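Visitor: Before we look at particular places, I would like to hear how the descriptive words are justified. Could you take me through them with the model in view?

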Amino acid sequence: MTNQDRESSAKLLTLARKSFPSSKADAETITLYLAALDDLTYAQIKAGVLKCMNTAKFFPTIAEIREAAESMVEHANHTGKPDAGEAWGEAMRFVTESSPYDQRPFRWSCEEVHEAVKRLGTMTLFEMTNDGIPATRGQFMKIYDKLLEGQKDKAVMDMVGKKLGADYTALIDHTTKMLGMGGGRELSQGGK
């Protein structure tokens with residue numbers, strides 16, 4: 001985030017705070033928010049804050065602003081992932097438009113839908129009976145939601161790892177030493 005973005009974001013968050021009368025967010029809170037959101041641009045923060053101002057009943061958390069910004073970017077770029085029901089519909093379209101032995105590539109809307117089909121088992125979809133559809137649908141949707149959740153969690157961990165910098169390396173070193181796995185810098189070599 002540039003200094004200009006930081007200043008603009010601070011003003012925006014300070015003003016947004018006023019639209020939530022019960023908010024106890026003070027200048028220190030705004031500083032913390034800016035530090036946690038420093039990987040976003042002012043435009044992304046503004047989009048997230050404006051969405052939250054129109055949907056939230058309380059001053060949004062950092063996670064809520066980040067999630068709202070992400071959804072606004074996906075909406076603006078038409079890059080959002082299908083929800084679990086839409087993904088199931090795509091899996092059913094796959095079953096009706098191909099066969100278990102079809103070698104033609106199927107056009108998936110995203111890799112997560114394809115991965116959910118593979119994890120459930122392609123043959124499970126093709127062999128499903130009318131009585132088994134509800135259970136199979138539930139299993140598929142659970143798998144798909146877990147994939148999306150894992151992907152978001154990984155993205156957050158990657159972002160936090162980048163922000164931690166050298167502290168992230170120290171965290172890895174400490175963990176490997178605690179587990180007796182070696183690796184990383186040794187204290188005798190100047191690591192801390």
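Guide: Contact here means heavy atoms within 4.5 Å, and the model to which this is applied is a predicted one.

Visitor: What does F140 touch by that criterion, leaving aside residues up to four places away in sequence?

Guide: With those sequence neighbours not counted, F140 touches A84, A87, W88, A91, V113, A116, V117 and L120. F140 is also among the members of the largest nonpolar core, which has 20 residues, that touch the most other members, together with W88, W108, V113, V117, L125 and Y144. At least two residues of this core come from each of α5 (84-97), α6 (111-120) and α8 (133-164), and α5 gives the most, with 6 residues.

Visitor: Why is α6 called oblique to α8?

Guide: The two helices pack at an angle of about 130°, with their axes 9 Å apart. Angles over 145 degrees count as roughly antiparallel and those from 65 to 115 as roughly perpendicular, and because about 130° belongs to neither range, α6 is oblique to α8. The contact includes V113, A116 and V117 of α6 and F140, I143 and Y144 of α8.

Visitor: How do you know that the span of helix α1 agrees with what its residues should give?

Guide: At 1.5 Å a residue, the 16 residues of α1 (residues 3-18) should span 22 Å, and since the end C-alpha atoms are 23 Å apart, the two values agree.

Visitor: Which residues of α1 are buried, and what covers them?

Guide: The buried residues of α1 are D5, S8, S9, L12, L13, A16 and R17, and what covers them includes α2 (27-36), α3 (42-55) and α4 (62-77).

Technical notes: Residues numbered from 1 in each chain as written. Predicted model: local features only at pLDDT ≥ 70, side-chain atom pairs only at ≥ 80, totals over all residues. Heavy atoms only, no water. Core = buried A, V, L, I, M, F, W, Y, C linked by side-chain atoms within 4.5 Å. Buried < 20%, exposed > 50% of the residue type's maximum accessible area, 1.4 Å probe, protein only. Helix = DSSP H or I, 4+ residues; strand = E, 2+ residues; numbered from the N terminus. Expected span 1.5 Å × (residues − 1). Axes fitted to C-alpha atoms, helices over the stretch in contact; angles between N-to-C directions. Parallel < 35°, antiparallel > 145°, perpendicular 65-115°, else oblique.
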